[in-house]
Every structure is written in C-alpha cells, then in structure tokens.
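I opened the sequence and the 3D structure side by side and kept a notebook. The entries below record what I looked up, topic by topic.

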Amino acid sequence: MSGALQLEQLDVSSAQVLALYHPGTFSGEANLLTGRRGFVLIRATEDGEIIDVDREHLLPLVQTDVELGDILLRTFVLRRVQLIANDISDVVVLGSTHCSGTLRIREFLTRNGHPHTTIDLDKDPNVQELLDRFQVKAGDVPVVIYRGETVLRNPTVSQIALALGYNESIDQTTLRDVVIVGAGPAGLAAAVYAASEGLNVLVVEAEAPGGQAGSSSRIENYLGFPNGIAGQELAARAHSQASKFGAEIMIADSAARLSCQKKPYAIESDGGRRLATRAVIIATGAAYRKLQLENISRFEGAGVYYAATPMESKLCDDADVVIVGGGNSAGQAAMYLSETARSVHMLIRGEGPAASMSKYLIRRIEDHPSITVHPRTEITALDGDRHLERVEWRDKTSGKTETRDIRHVFSMTGAVPTTTWLTSCLVLDGRGFIKTGSDLTPEDLATAHWPLRRSPHALETSLPGVFAVGDVRSGSAKRVASAVGEGANAVMSVHQVLAE
C-alpha cells in the first residue's frame, strides 16, 4: 500500500506524535480484539491507500492463520505493555495517595489494562493550573479526565466504564448460547473453551478480569509457570485469549438477578440490562471476609486493603504492615510486601499457617527476617483520622493486647460466596455456596422441582442448564488450577444441555 500514518497521543495539554507507519507496517493494539475504543489518534499525513480490518474480520484471521495471528497478537500485547509503561493514554486521574477513592479508580483502570496518567494533588507543583482549567474543587476529588474533554468527579467504576465506552460494542439484545457471570480464572477458562468451540459467549464482570487471583502478587503453583506469574498478568493473557476466539466481556456491570422461571434464562444486571441466554455458568467466586470491627469501612482504601499489588506495595515503602490471614494469598502477599516494607506482621487466628498454606511458602516465611508470624492473634481495634494510624491486636492465648503505629493492614481471611443475587433460584449449602452434581440430594432436587429424568451433570446446579464453577461452588478446591479445570469441564456439559 502507499502513504503514511501518524500516531498521536491526545492528553490534557497537547497532541504528541508517538509513531509513524509506512507501507509494509500495521497499526493497532489489544483494543482491536475487544472492540473497545482506541487510546490514540491515527492521522493520515499524506495521500495513500490502507487496508482497514475491523474486529469482525480480524478475529477469523487470527484464529485460522497461525503465523500471521501470532505476529498480530504478540504485537498488540507488546504495544499495550508499552502504552502502560510510558503512561500513554487518554485518561488522567487527579487524586491523592491518601485518598481511598483514588486508589479505587487506579486499581480499576490498572486491572482492566487501561493506561492512565496519575497526577498527585499533594505533590505536583503545577496542579493548580489544571484544577482551574477543569474547574475542579476539593470536594470533587478524585477526578477522571477523559480525552481532555470529559470530566468525571468522584465517579463510580460503572460511570468510568460508560464514559470510556467499555461495553458499547456489545449487542445486548442477542440470545447467547451461554452467559458466564464472573471473569476470574474459572469464568475466563469457560469463556476460552466455549468461544473456541463456536458458542456465542458473553461474560459479565463486576469490576475487572482475574477475580481474587487477579490481585495476587504471584502465583507459583500453577502448572506451566515454574517461576510463577502475577495474577494480573495471568488474567490479562486469559482475557486476550478469550477475546481472540470471539468471547465478549462486559465490564463494571454486576449481575443483580437470575431470571430463572422460564427458558431462555436471563441475567438482569445492575445497569438495567437483560441478557437472554440458553445456558448460564456462574463463576462469581468468593470475597475476603471483612474484619469484624465497627469502623472498618472508614479505613478501606485508606489503610485497609484486600489486595497486594504493585500499587499497594508503593504505599508501604519502608513501612510496617499487617497481614490478616494464613492461606496462600496471605503468604504470597507477605513475601511480596516484604520486598519494600520495613516489617511484615502476619496475624493468624489459628495455630499457624500449616493448615491452609503451601509448604514452600511456609518455609520462606519462616526463613524471612522481616516477617513475624503471630498465631492465635486477632485485630481488636483500628484508629486514625483521615488514614489508618494505629492497630491493636490481642494474643488469644495470653490475653495480652498490643498497640502499634501501623498504617497498612491487608485483610486476606475467609471466603464469602458471591451468591446473594441468585435469590431462591438455586440450592445453596449452609454457608451460601452453590451445590452442584452429586452434592445435590434427592431432597434438594425435589425441593427445586428438578424437571428432568436425568441427574444433574457434575457441575450443574439444581436448575437445568445453569452451572457453577470455581470458588463459588460448594466443595471446590479454592485453587487457580482447579478453577480453570472446572471452567473448561462446564463447557462440555453446556454442549450436552444445548443439544437436549
């Protein structure tokens, strides 16, 4: 072809030239796979001809041409990495490191792989001109500025997703073969296998791909990654893989209700959408339990965190931190935060980590000079003004109470299933997890009015054609590899259900 294209960044100040494309090269990055808007402007600088390939034609190309598909996908992923590394984006976040809302917005953008620039109002000497230009007041913070034009004041993640056009390419009126609720490892695995086998797939995710695993600093016991892999990187790869096969992922819209009275079923979302589907895979996972403290909500995002990512690690540089929990997630967080923190205190309600933590992690923690394990210990109080300043904990054996000047607590204990939106559609166990397959007793099936002569499939719930996988399922192993396997296996049963 002929001509030249110029790639420009549009930020809040001016257009910046990022790259030039000449004949024999191609533009584009990961947004071409998802159908979302691009982050930059492409301008023709001279007369010429180009080949325009949209998502509809790109996906069959990368699925059928292995060599070309590998070149395109690798380039798209590396270009996204470069955009993130160089803060090249159409989004600017105005906020403070001491503001829980700023952390919430940055986590949402980061976990969704959306490049952004952050301006710290407490440190940037030139921030007043920007505040005056966009008429930002103290009560507006945090603020998101999109393409130098749209100003969102203290927005929710749903408002950000709407402004950035995350879901605008998704046809919400289509009857899907399967709707997957939740984009953790189980949900993403189901999306990859279902889409690769030709099913029309939509994934509904409340915040960002990855689930709890996506916030893990490092997963070391997942097959095929001997050096471990960050949870966010694993989620990003799975997201790209699902998108490559044509699965669509709706972001920042939670499932509010399962309409289960008749077929086709429908997922009704918080955003008012009604998504019709012939089958459902529930992969909503489980959330960490909140500490049973009266003022816990006051410090969430301002000293109390539920994930240990590079963002939180920077906040803890040369500081003392507390981690509550004794499972693998808590152990990985302890090792990760110990790289930057002055000291790490692990508070475990039981006798120690042996009951729920992998042996290799226990050994590392025992040998690490900066990590102290406090068995049979629990937090009893949090104190501070705008940010957490002090933590009180009690040794349940001796009854001794201790108060420390600590500004960072990571809560990674217990698991609460995300099933409140299911109302009375499905049979749950005593803790609220979804019962499936052989765990459903004859009494359960009778109560649920199971209508078929066959028994439920292994991962099928008390409602035909509705499956549960991963952490939300009663009796699941609560491991990433197990969740991935369940997501893949559920798709096999979906095929059988659709053929009935």
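These are my entries on a sheet, several helices, one buried acid and a pair of hairpins.

**Entry 1: the model**

I note at the outset that this is a predicted model. I read every value below as computed from that predicted model.

**Entry 2: the parallel sheet**

I looked up the strand order first. Which strands form the open sheet, and in what order? I found 5 strands, running β16-β23-β17-β18-β19, with parallel pairing. At the edges I have β16 (304-305) and β19 (371-375). Each has a single partner strand, so one side of each lacks a neighbour in the sheet.

I then checked one pair in detail. β18, residues 343-348, joins β19 through 5 bridges in the parallel sense. In that pair, M346 sits opposite V373 of β19.

**Entry 3: helix α13**

I moved on to α13, residues 359-367. Which of its residues are buried? I list L361, I362 and I365. Viewed down the axis of α13, these buried residues fall within an arc of 100°, so they line one face of the helix. A general point fits here: an α-helix has 3.6 residues a turn, so residues three or four places apart point the same way.

The face turned away from the buried side carries K359, R363 and D367, which are exposed. I also asked what the buried residues of α13 pack against. The partners are α12 (328-337), β18 and β19. Two of these partners, β18 and β19, are the strands paired over 5 bridges in the sheet entry.

**Entry 4: α12 against α13**

I wanted the geometry of this helix pair. The axes of α12 and α13 come within 10 Å and cross at roughly 35°. The crossing of α12 past α13 is left-handed. From α12, the contact uses N328, G331, Q332 and M335. From α13, it uses Y360, L361, R364 and I365. L361 and I365 also appear among the buried residues of α13.

**Entry 5: helix α2**

I ran the same lookup on α2, residues 55-64. L58, L59 and V62 are its buried residues. They cover an arc of only 100° around the axis, which puts them on the same side of α2. E56, H57 and T64 are exposed on the other side. The buried residues of α2 pack against α1 (31-34), α3 (66-85) and α9 (231-244).

**Entry 6: E486**

I picked out one acidic side chain, E486, in helix α15 (residues 480-499). Is E486 buried or exposed? Its relative accessibility is 8%, so E486 counts as buried; the cut-off for buried is under 20%. The E486 side chain makes a polar contact with the side chain of R473 at 2.7 Å. Leaving out residues up to four places away in sequence, E486 touches L459, V469, G470, R473 and S476.

**Entry 7: β11, β12 and β13**

I finished on β12, residues 265-269. Of its 5 residues, 4 are buried, so β12 is largely enclosed by the rest of the structure.

β12 pairs with β11 (residues 255-259) in the antiparallel sense over 4 bridges. L258 stands opposite I267 of β12. The two strands form a hairpin with 5 residues between them.

β12 is also joined to β13 (residues 274-277), antiparallel, by 4 bridges. There I see A266 opposite A276 of β13. The β12 and β13 hairpin has 4 residues between the strands, and its G272 takes a positive phi near 85°.

How values were computed: Residues are numbered from 1 along each chain as its sequence is written. This is a predicted model: local features need pLDDT of at least 70, side-chain atom pairs count only at pLDDT 80 or more; totals for chains, interfaces and linings use all residues. Side-chain values use heavy atoms; hydrogens and water are left out. Two strands pair if DSSP finds at least two bridges between them. Buried means under 20% relative accessible area, exposed over 50%, partly exposed in between (1.4 Å probe, protein chains only). The arc is that of the directions from the helix axis to the C-beta atoms. Contact means heavy atoms within 4.5 Å. A polar contact is a pair of N or O atoms within 3.5 Å; within protein, one must be able to donate a hydrogen and the other to accept it, and residues adjacent in sequence count only if both atoms are side-chain atoms. Axes are lines fitted to C-alpha atoms, for helices over the stretch in contact, and angles run from 0 to 180 degrees between N-to-C directions. A crossing is left-handed if the near helix is turned anticlockwise from the far one by less than a right angle, and right-handed if clockwise.
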